[in-house]
Amino acid sequence: MDKTSNTQVKTRLGEVRAAILNAERAAGRPAGTVNLIAVSKTFPATDIEPALHAGQHHFGENRVQEALGKWPDLKAGNQGVKLHLIGPLQTNKARDAVRLFDGIHTVDRMKLARVLAGEIERQQRQIELFVQINTGAEPQKSGVLPKEADAFLRDIAPLGLNIVGLMCIPPMDQDPSTHFALLKTLADRNGLSRLSMGMSHDFETAIALGATDIRVGSAIFGSRDKP
Ligand SMILES: *Cc1c(COP(=O)(O)O)cnc(C)c1O
C-alpha cells in the first residue's frame, strides 16, 4: 500500500461525508443523524487504516471468514470500532459472527433467529439486529418477502432479540426509490426505527427516504473488481 491510495481513501471518505450532510440537509433531517457504515469487504487492513485514522468507526463486511482474518486485530487496536455483518449468515458461523460483529443486518429466517438468540445469550453480547427484506422478491436474493415481513417479525418476537430495524438491497436494474419507500412502510408498521439502506450509487436517495444506516463501499475504498 502506497501513500497515494492512503490519501485517496481519506479524500473519498471526506467526499462521502460531505454528500451525506448535503442529503441530510436536503431532506430536512438534522446533520449527523445518518450512520455511515464503510463497507471494507475485499480490502486489506492497509486500506482500512486510513479510514480509521480519519475517525470512521462503523465498518461493514459481508463474509464472516474474511472478517475474522482482519478485524480482531483492527478492533483490538482501535477502541470504539463497530463492525456490521451485511452478507448472508449460515447458522454454523453464528458463533463467530456473534463474537466479532456489533450489528447483523441479515436476519432472514426463523432458524437463524433462534441460533442467534442462543449465541447472544451465551456470549452476553450487545448486538443490533436488522431483518433483511427481499423487497424485489428476487429468487436469488436472501431476505424475507415483503408480504411475509409482518408475520416473521411477530414470530421471532418471543425470542427477545434486539431487532432495531429493516435492511434491503434493491434489485440492480430498478429505481431503488420504491424499494426504499416500501422498507420504510414495513418498518413504520412494525414500530421499527432503523432503516439499513443505500449504497455507493444510491445513498442520497436512501437518505431522502429515511435511511438511518447507509452501507457505502466503493465510493470510499475504490473499485472492487481488481484483477
Ligand atoms: C458490498 C455491499 C455494499 C456496498 O456496496 P458499494 O456499491 O460498494 O457501496 C452494501 N451493502 C451490501 C449488502 C453489500 O454486499
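## Helix 2 against helix 3

Helix 2, residues 45-53, packs on helix 3, residues 64-77, at an angle of about 35 degrees, and their axes are 11 Å apart. The model in which this packing appears is a predicted one. The crossing of helix 2 past helix 3 is right-handed.

On the side of helix 2, the residues that take part are A45, I48, E49 and L52, and they meet K70, W71 and L74 of helix 3. Sorted by class, this contact holds 5 nonpolar and 2 charged residues, with no polar ones. The spacing of residues along such a contact may be read with the geometry of the helix in mind. Residues three or four places apart in an α-helix point the same way, because there are 3.6 residues a turn.

## Helix 3: length, kink and buried residues

The 14 residues of helix 3 should span 20 Å at 1.5 Å a residue, and the C-alpha atoms at its ends are indeed 20 Å apart, so the two values agree. Helix 3 nevertheless has a kink of about 45 degrees at K70, shortly before the proline P72.

Which residues of helix 3 are buried? They are V64, A67, K70, W71, L74 and K75. The cover over these buried residues includes helix 2, strand 2 (58-61), strand 3 (82-85) and helix 4 (94-100). K70 thus appears in several roles: it is the site of the kink, it is one of the buried residues of helix 3, and it is among the residues that meet helix 2.

## Helix 5 and its surroundings

Helix 5 covers residues 110-123, which makes 14 residues, and from its first C-alpha to its last it reaches 20 Å, close to the 20 Å expected at 1.5 Å a residue. Its buried residues are L112, A113, L116, A117, E119 and I120. They pack against two helices and two strands, namely helix 4, helix 6 (149-156), strand 4 (103-107) and strand 5 (128-132). Helix 4 also belongs to the cover over the buried residues of helix 3.

After helix 5 comes Q124, with a positive phi near 50 degrees.

## Positive phi in two loops

Most residues other than glycine have a negative phi. T42, which is not a glycine, has a positive phi near 75 degrees. This residue is placed in the loop between strand 1 (35-39) and helix 2. T42 counts as partly exposed because its relative accessibility is 49%.

A137 is likewise not a glycine, and its phi is positive at about 45 degrees. A137 is located in the loop between strand 5 and helix 6. With a relative accessible area of 44%, A137 is partly exposed.

## T135 and S142 in the loop before helix 6

T135 is a residue of the loop between strand 5 and helix 6. Is T135 buried or exposed? Its relative accessibility is 9%, and therefore T135 counts as buried. Apart from neighbours within four places in sequence, T135 is in contact with P146, C168, P170, H179, L182 and L183. Between T135 and G118, 17 residues apart along the chain, the C-alpha separation is 28 Å.

S142 also lies in the loop between strand 5 and helix 6. S142 is partly exposed, its relative accessible area being 25%. If residues up to four places away in sequence are not counted, S142 touches P88, D108, Q132 and N134. S142 and T106 are 36 residues apart in sequence, while their C-alpha atoms are 8.3 Å apart in space.

## L183 in helix 7

L183 belongs to helix 7, residues 176-189. Its relative accessibility is 0%, so L183 counts as buried. Which residues does L183 contact, leaving aside its neighbours within four places in sequence? The contacts are I133, T135, L166, M167, C168, L195, S196 and M197. C168 is also among the contacts of T135. From L183 to E128, 55 residues apart in sequence, the C-alpha distance in space is 18 Å.

## G55 between helix 2 and strand 2

G55 sits in the loop between helix 2 and strand 2. A relative accessible area of 36% makes G55 partly exposed. G55 and V81 are 26 residues apart in sequence, and in space they lie 9.7 Å apart from C-alpha to C-alpha.

How values were computed. Residues numbered from 1 in each chain as written. Predicted model: local features only at pLDDT ≥ 70, side-chain atom pairs only at ≥ 80, totals over all residues. Heavy atoms only, no water. Axes fitted to C-alpha atoms, helices over the stretch in contact; angles between N-to-C directions. Helix = DSSP H or I, 4+ residues; strand = E, 2+ residues; numbered from the N terminus. Left-handed = near helix turned anticlockwise from the far one by under 90°. Contact = heavy atoms within 4.5 Å. Nonpolar A, V, L, I, M, F, W, Y, C, P; charged D, E, K, R; others polar. Expected span 1.5 Å × (residues − 1). Bend = angle between axes of the 7 residues up to and from the residue. Buried < 20%, exposed > 50% of the residue type's maximum accessible area, 1.4 Å probe, protein only.
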